[in-house]
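Hi,

Here is the structure I promised to send over. Please have a look at it, and then read on for what I found.

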Amino acid sequence: MKHFTVYVENRDGPTPETFEKLEDTPILVDLEKLANQYRQKSTGTRKAFDSFLEFWESASCEELLEPKGLIGFIPTGRLIEGFIDTIHSGTGQNFQQFLGKSPRTALMAWTIGDTIEKKVTEFSREGNNLKALLIDVAASLLLNEMHLKLREIVRERAKSDFGLYPMLDHYPGGGRKGSELIPAVFDLTSASKALGITLNDQNIMNPRKSECSILLLGDEERELQNTPCIPCLGKRCLYYQLGGCHASDKVNEKVTS
Ligand code: SF4
């Protein structure tokens, strides 16, 4: 069990009207599929897996992980106003159609910090490459669980605070396409300050284990649409196979957001 700190802000203008910290939202990463894959392998590989698992469940790993996320509710008009050219160049028809029906948007960013990454590098340098890889994979699965938890919080808050419902969750830069929309999340919320995430000139987030998404809200309750990475590796994708794909129901569809 990992502990996730979530910040929620409502802002109609440049500064938040409300800013709230939700402490210790519990997050469970299911490693069963990963364990099943590695338990069938050679003795050396199994040993590396067991050593990874012991580390992942240890108090010292808990200390190295800093799962934090932020949800910023903004009027969709502010997103359009500041980023219309980027929206046209970096998103598809689907996103643009939903945008027109959305009075408010939830911008989300989340990270596990950079300390775990340093530990992964340390294990690699010591020659524990498989252990390092497994920690990296588990960290990505944790990021996916954090994303799902943030979506749940958005669903609850959107309904209670605005009478709105999630329509489409867009991953800017999924597969690096449309990454020019990533700054919208950081320019229009307090995510950089609250989470310590910075962007370089290619819109790559630091810490590396950080993600963001743009969730459009609408007036009607409906099934949430979300879009796969571009290109999508489909069922060959390791994250899909391990249950860590953010758009697992869409991997075989040609959807562009
Ligand atoms: S299967 Fe999921 S995680 Fe993998 S590339 Fe496709 S959308 Fe991305």
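Beyond the residues within four places of it in sequence, Lys33 is in contact with Gln241, Leu242 and Gly243. Please keep in mind that this is a predicted model. Lys33 belongs to helix α1, which covers residues 32-39. Is Lys33 buried or exposed? It counts as exposed, because 12 C-beta neighbours lie inside 10 Å, and 12 or fewer is the cut-off for that class. Ala158 sits 125 residues from Lys33 along the chain, and 33 Å separate the two C-alpha atoms.

On to the sheet. It is open and has seven strands in the order β2-β1-β3-β4-β8-β5-β9, with mixed pairing. At its edges are β2 (18-27) and β9 (225-226), each of which pairs on one side only. Helix α4, residues 76-90, packs on this sheet and touches β3 (68-75), β4 and β8. The direction of α4 makes about 90° with that of β3. Another helix, α5 (residues 93-100), lies across β5 and β8 and runs at about 150° to β5.

Strand β8, residues 210-218, is a good one to follow with the model open. Eight of its nine residues are buried, so the strand is mostly covered. With β4 (residues 104-111) it runs antiparallel, joined by eight bridges; within that pairing, Ala109 has Cys212 of β8 as its bridge partner. With β5 (residues 165-170), β8 again pairs in the antiparallel sense, here over five bridges. In that pairing Tyr165 stands opposite Gly218 of β8, and Asp169 stands opposite Leu215 of β8.

Asp169 also has a partner in another strand: it stands opposite Asn226 in β9. The pairing of β5 with β9 is parallel and consists of two bridges. Why is β5 described as largely enclosed by the rest of the structure? Because five of its six residues are buried. While you are looking at these strands, a general reminder may help: side chains in a regular strand alternate between the two faces of the sheet.

Next, the interior. The largest nonpolar core holds 59 residues, and those with the most contacts inside it are Ile71, Ala106, Met108, Ala109, Ile135 and Val185. Which helix gives the most to this core? It is α7, residues 129-162, with eleven residues. Met108 is worth selecting: leaving aside neighbours within four places in sequence, it is in contact with Gly69, Leu70, Ile71, Leu150, Cys212, Ser213 and Leu215.

Then there is the ligand. Eleven residues surround it, and Pro228, Cys229, Cys232, Cys237 and Cys245 come nearest. By character, this shell divides into ten nonpolar residues, one polar and no charged. Cys232 has its place in the loop between β9 and α10 (238-241). Cys232 counts as buried because it has 21 C-beta neighbours inside 10 Å, where 20 or more are needed. From Cys232 to Leu70 the separation between C-alpha atoms is 26 Å, and the two residues are 162 apart along the chain.

Finally, two backbone details you may want to check by eye:

- The peptide bond joining Asn206 and Pro207 is cis, with omega about 0°. Pro207 lies in the loop between β7 (205-206) and β8.
- Asn203 has a positive phi of about 60° although it is not a glycine. Its place is in the loop between β6 (198-199) and β7. With 17 other C-beta atoms within 10 Å, Asn203 is partly exposed.

Happy to go through any of this with you whenever it suits.

Best wishes

Terms used. Residues numbered from 1 in each chain as written. Predicted model: local features only at pLDDT ≥ 70, side-chain atom pairs only at ≥ 80, totals over all residues. Core = buried A, V, L, I, M, F, W, Y, C linked by C-beta atoms within 7 Å. Helix = DSSP H or I, 4+ residues; strand = E, 2+ residues; numbered from the N terminus. Contact = placed C-beta atoms within 7 Å. Pairing = 2+ DSSP bridges. Near = placed C-beta within 6 Å. Nonpolar A, V, L, I, M, F, W, Y, C, P; charged D, E, K, R; others polar. Axes fitted to C-alpha atoms, helices over the stretch in contact; angles between N-to-C directions.
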